[in-house]
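Good morning, colleagues. Please look at the sequence and the model on the screen while I take you through a few of its parts.

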Amino acid sequence: MKALFVTGEAIPFVNTGMVTGLLQELPKELSKQEDMQLCIVMPYYKAVAEQPTFQIKYITNFGVQLGWRHLHCGLFHAVDTESGINYYFLDNKYYFYRDEIYGHQDDGERFAFFAKAAITALEYIDFVPDVINCTDWTSALVPLFLKSDFSHLEPYRDIKTLLTVNDVEYQGKASGEFLTEVLGLSENWRSIITQGDNINFVKTAVVLADGVVTKEGIKALPGLESVSTTYAYKFASIAEKNAVDFAKHYREIFEHLLFEDEMTADL
């Protein structure tokens, strides 16, 4: 099985506290499992680029179309020698070479670029995953771009997507014009990605992803109760007991996405 983790941060490179608990250890535990190939994609932040202890190498660059913008994306690579996990970093200095990771007025645009670039990068890293795991709002637009821009391409048609919701409060919001101005999508997508008066990244992923994983006991996301109920068949919650069992249950969810119709489970 091939799994791609698309995340706003990953230890040891960046840790602001967004990814907490056993999620921090999940990729390494999964990589220990038989027949599991795993890669992680994250932004090439200033904090990563300026850390000399990280052995990160440049691979190539490519273009990303985001609305009317044709944007540069550099691709960098590092290997965790202990686990063998490949880390890929997506570079755009305008978006990511900043002192603070989050909290910018254009965060929506920054991570829309990141989500689309993550899918585009698959061609250059020669890795077509069976499952893409998206962590919280920073990568929640991956299922959208996969369907809107890539689903007509043969290698991408069968990729399953999973949204892992760790922080239920931050959902990634943008104003209505974001649909055409930044995402470059038609009005046909508006009802799918809008909650109230705003574009909502997490709501988008709940609707379009194949599965949603939440913390134990969470059956509905705040402000998205109706959507959570409508798509309850996609939801699974995992108890954080220990890293080994946590990874085992994630593997079961991956397999469920690939071979079953409905997802709902408490593990």
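Let me begin with a question: is Thr138 buried or exposed? Please keep in mind that what you see is a predicted model. Thr138 counts as buried, because its relative accessibility is 0%, and the cut-off for a buried residue is under 20%.

Where does this residue sit? Thr138 belongs to the loop that runs between strand β6, residues 131-135, and helix α6. Leaving aside neighbours within four places in sequence, Thr138 is in contact with Thr7, Gly8, Met18, Tyr102, Phe111 and Phe114. With one of these, Gly8, there is a polar contact: the side chain of Thr138 reaches the backbone nitrogen of Gly8 at 3.3 Å.

From that loop I turn to helix α6 and its partner. Helix α6 comprises residues 142-150, and it packs against helix α9 at an angle of about 60°, the two axes being 8 Å apart. The angle therefore makes α6 oblique to α9. Which residues of α6 and α9 meet? On the α6 side they are Pro143, Leu144 and Lys147, and on the α9 side Thr204, Ala205 and Leu208. Of the residues in this contact, four are nonpolar, one is polar and one is charged.

Helix α9 deserves a closer look. How many of the eight residues of α9 are buried? The count is eight of eight, and the helix is thus mostly covered. The buried residues include Phe201 and Val202 at the beginning of the list, and also Lys203. The N-terminal end of α9 is capped by Asn200, which places a side-chain oxygen 3.1 Å from the backbone nitrogen of Val202.

Asn200 also leads us to the sheet, since Asn200 in β10 stands opposite Lys173. The sheet concerned is open and has three strands in the order β8-β10-β9, with antiparallel pairing. Its edge strands are β8, residues 173-174, and β9, residues 194-195, each of which pairs on one side only. Strand β10 covers residues 198-200, and two bridges join it to β8, the two strands running antiparallel. Helix α9, residues 201-208, packs on this sheet, where it touches β9 and β10, and its direction makes about 55° with that of β10.

To close, I would ask you to keep helix α9 in view: it packs on the sheet, and it also packs with α6. Thank you for your attention.

How values were computed:
Residues are numbered from 1 along each chain as its sequence is written. This is a predicted model: local features need pLDDT of at least 70, side-chain atom pairs count only at pLDDT 80 or more; totals for chains, interfaces and linings use all residues. Side-chain values use heavy atoms; hydrogens and water are left out. Two strands pair if DSSP finds at least two bridges between them. Helices (H or I, at least four residues) and strands (E, at least two) are DSSP runs, numbered from the N terminus. Contact means heavy atoms within 4.5 Å. Axes are lines fitted to C-alpha atoms, for helices over the stretch in contact, and angles run from 0 to 180 degrees between N-to-C directions. Angles under 35 degrees count as roughly parallel, over 145 as roughly antiparallel, 65 to 115 as roughly perpendicular and the rest as oblique. Ala, Val, Leu, Ile, Met, Phe, Trp, Tyr, Cys and Pro count as nonpolar, Asp, Glu, Lys and Arg as charged, and the others, Gly among them, as polar. Buried means under 20% relative accessible area, exposed over 50%, partly exposed in between (1.4 Å probe, protein chains only). A polar contact is a pair of N or O atoms within 3.5 Å; within protein, one must be able to donate a hydrogen and the other to accept it, and residues adjacent in sequence count only if both atoms are side-chain atoms.
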